[in-house]
Amino acid sequence: MANYLTLPTTTSKGRIRVVVETPRGAEAKLTYKPKKKLFEYTRPLPAGLAYPYDWGFLPSTLGDDGDALDGLVIHEATCAPGVVIKCDLLAALRVLQTENGETVRNDRFVFCPHKQDAHSESLLGENVPDRLRSEIEQFFLASVSGTDKQIEFEGWHDSSQALRNIHRAMRTFERKQRAARERSHISVRM
């Protein structure tokens, strides 16, 4: 199995890859564990709650929370853990997440698959309708119920600002990778 965390974030045509961790309809959160090379059960969602769309991460990115950036893929199909979807970026929900007394930015990036299986015409213009934005916010609030996480929304970024944030997370990931290679190289020389 490939190390999904290190796949290129973008395609040669500028599409953004999202690795599905938890498929649409799942009633439990799944998480990719690169050292084990598998997708692992993390926790159940609150009773009656299921993922409304495919949920995953953007490979070769590193967010303020120390993980790859989060991505929600709006489409009518249901994929499986490990499926990589080439997407168009729609927007990002700006999120502050508090856990164990520490607050960090942990935005949720919203996508639709490129051309195939588009949700509706209203999403094709880099727009997430207000009704869908509200539903996404309500899902994320409900999904952390019963955990030690608390989230607060700070509004939405359009696709251009969201893309700048993705590029920043790509640079952060690359700096971390480069530092790890340098440490490895130094320890080999000793």
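Of the 190 residues in this chain, 41% are buried. Keep in mind as you look around that this is a predicted model. The accessible surface comes to about 10200 Å², and carbon and sulfur atoms account for 49% of that area.

Now follow the fold. You'll find 9 strands and 2 helices, and walking along the sequence gives you the pattern β-β-β-β-β-β-β-β-α-β-α. The radius of gyration is 17 Å, close to the 16 Å that the globule rule gives for 190 residues, so the chain is as compact as a globular protein of that length. If you put a box around the C-alpha atoms along the principal axes, that box would be roughly 60 × 40 × 30 Å.

How do distant parts of the sequence meet? Take the contacts between residues at least 6 apart in sequence: 67% of them join residues at least 24 apart. Charges are worth a look too. The chain has 27 positive and 25 negative ones, and the mean positions of the two groups lie 9 Å apart.

Let's zoom in on one residue, Q97, which sits in strand β6, spanning residues 84-99. Is Q97 buried or exposed? Its relative accessibility is 7%, and buried means under 20%, so Q97 counts as buried. Its side chain isn't without a polar partner: the side chain of Q97 makes a polar contact with the side chain of N106, at 2.9 Å. Setting aside neighbours within four places in sequence, Q97 is in contact with E102, T103, V104, N106 and R108, and also with K149, Q150 and I151. So N106 turns up both as a contact of Q97 and as its side-chain polar partner.

How values were computed:
Residues are numbered from 1 along each chain as its sequence is written. This is a predicted model: local features need pLDDT of at least 70, side-chain atom pairs count only at pLDDT 80 or more; totals for chains, interfaces and linings use all residues. Side-chain values use heavy atoms; hydrogens and water are left out. Helices (H or I, at least four residues) and strands (E, at least two) are DSSP runs, numbered from the N terminus. The radius of gyration is taken over C-alpha atoms; the globule rule is 2.2 Å times the number of residues to the power 0.38. Buried means under 20% relative accessible area, exposed over 50%, partly exposed in between (1.4 Å probe, protein chains only). Contact means heavy atoms within 4.5 Å. Accessible areas come from the Shrake-Rupley method with a 1.4 Å probe; for residues, only the protein chains shown count as cover. Lys and Arg count as positive and Asp and Glu as negative; His and the chain ends are not counted. The place of a charge is taken as NZ of Lys, CZ of Arg, CG of Asp or CD of Glu. A polar contact is a pair of N or O atoms within 3.5 Å; within protein, one must be able to donate a hydrogen and the other to accept it, and residues adjacent in sequence count only if both atoms are side-chain atoms.
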